[in-house]
Structures are given as C-alpha cells and as structure tokens.
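Colleague: I would like to learn how to read a few features of a model. Could we take them one at a time?

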Amino acid sequence: EEAAKKTQAIHRGKATRAELEKQRREEEEAARRIQSIQRGKLARQELAKQRAEEEEAARKIQAIQRGKKTRADVAKQKAEEEEAAKRIQAIHRGKSACQEIAKQ
C-alpha cells in the first residue's frame with residue numbers, strides 16, 4: 001500500500017509537471033503572438049508616419065517648383081511686354097520723325 005501511494009504520488013507529480021509545462025508553453029506562445037501583433041502595429045504606424053513625411057516633403061518640393069516656374073513665366077511675360085513697348089515706341093518715334101521731316 002505504501003509503495004502504491006508512492007507510485008501514485010510520483011505519477012501525479014509527473015502529470016502535474018507535464019500539465020504545468022504545457023500551460024507554460026501555451027502562455028509563451030500567446031505572449032509571442034501578442035508581441036508579434038504589437039510589433040506589426042508599430043511597424044505599420046512607423047511606415048504611415050514615414051509616408052506622411054515623404055508626402056509633405058514632396059508637397060514642399062512641388063510648391064517650390066511651381067513658384068520657380070511662375071516667377072520665370074512672369075519674368076518672360078514682362079520681358080515680352082517691354083519688348084512690345086519698345087517696338088511701339090520705336091514706331092511712334094519713326095512716325096514722329098517722318099512728320100517732323102515732312103513739316104520742314
């Protein structure tokens with residue numbers, strides 16, 4: 001009877017340790033899953049932040065380029081208007097000179 005109790009105690013201890021080991025592995029696996037989910041979430045957040053920064057930088061570059069192009073267009077238009085004004089003035093001076101000569 002004493003030997004049976006000892007054998008049963010050994011068997012119960014072994015079964016309990018096996019159950020505890022199984023529970024520990026399940027808990028570790030659950031912790032790994034949670035950590036994996038959290039790392040994925042953080043990586044997606046970081047990627048979204050990086051994309052937002054890149055988009056903002058692209059917007060700034062585009063705004064700078066649009067400003068440069070607009071200033072160049074305005075300068076070109078101003079130069080064309082000045083050239084047209086010079087031509088009109090030259091024509092007017094030529095007519096005035098012809099009229100002055102004709103009067104003499």
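**Reading exposure, pairs and shape**

Colleague: At 36% relative accessibility, what does Arg24 count as?

Modeller: The general idea is a pair of cut-offs: buried is under 20% relative accessible area, exposed is over 50%, and partly exposed is in between (1.4 Å probe, protein chains only). Arg24, at 36% relative accessibility, therefore counts as partly exposed. The model is a predicted one, in which local features need pLDDT of at least 70 and side-chain atom pairs count only at pLDDT 80 or more, while totals for chains, interfaces and linings use all residues. Residues are numbered from 1 along each chain as its sequence is written, and side-chain values use heavy atoms, with hydrogens and water left out.

Colleague: With which residue does Arg24 form a salt bridge?

Modeller: A salt bridge is called when a side-chain nitrogen of Lys or Arg is within 4 Å of a carboxyl oxygen of Asp or Glu. For Arg24 the partner is Glu28, with 2.5 Å between the closest N and O atoms. Glu28 is partly exposed because its relative accessible area is 34%. Both residues belong to helix H1, where they sit four residues apart, about one turn of the helix.

Colleague: How is a helix assigned, and how many helices and strands does the protein have?

Modeller: Helices (H or I, at least four residues) and strands (E, at least two) are DSSP runs, numbered from the N terminus. Here the result is one helix and zero strands. Helix H1 covers residues 2-103.

Colleague: Which residue meets Arg33 in a salt bridge, and how far apart are the two along helix H1?

Modeller: Glu29 does, at 3.6 Å, N to O. Arg33 and Glu29 are separated by about one helical turn because they are four residues apart in helix H1. Arg33 is exposed at 53% relative accessibility, whereas Glu29 is partly exposed at 30%.

Colleague: How many salt bridges are found in the whole structure?

Modeller: Eight. One of them joins Lys69 to Asp73, whose closest N and O atoms are 3.1 Å apart. Lys69 is exposed at 54% relative accessible area, and Asp73 is partly exposed at 38%. Some bridges share partners, and these link Glu21, Arg24, Arg25 and Glu28 into one network.

Colleague: Which residues form the negative surface patch?

Modeller: Patch members have over 30% relative accessible area and no salt bridge; like charges are joined within 9 Å, and nonpolar side chains (Val, Leu, Ile, Met, Phe, Trp, Tyr) within 5 Å. The place of a charge is NZ of Lys, CZ of Arg, CG of Asp or CD of Glu. The negative patch consists of Glu46, Glu53, Glu54 and Glu55. Of these, Glu54 is partly exposed, at 47% relative accessibility.

Colleague: How many positive and negative side chains does the protein have?

Modeller: Lys and Arg count as positive, Asp and Glu as negative; His and the chain ends are not counted. The protein has 28 positive and 19 negative side chains, and the centres of the two sets are 2 Å apart.

Colleague: What is the radius of gyration of the protein, set against that of a compact globule?

Modeller: The radius is taken over C-alpha atoms, and the globule rule is 2.2 Å times the number of residues to the power 0.38. For 104 residues a compact globule would come out near 13 Å, but this protein has 45 Å. The C-alpha trace spans about 155 × 10 × 5 Å along its principal axes. Between Gln35 and Asp73, 38 residues apart along the chain, the C-alpha separation is 56 Å.

Colleague: What share of the residues counts as buried?

Modeller: Of the 104 residues, 3%.

Key. Areas by Shrake-Rupley, 256 points an atom, 1.4 Å probe, with all protein chains shown as cover.
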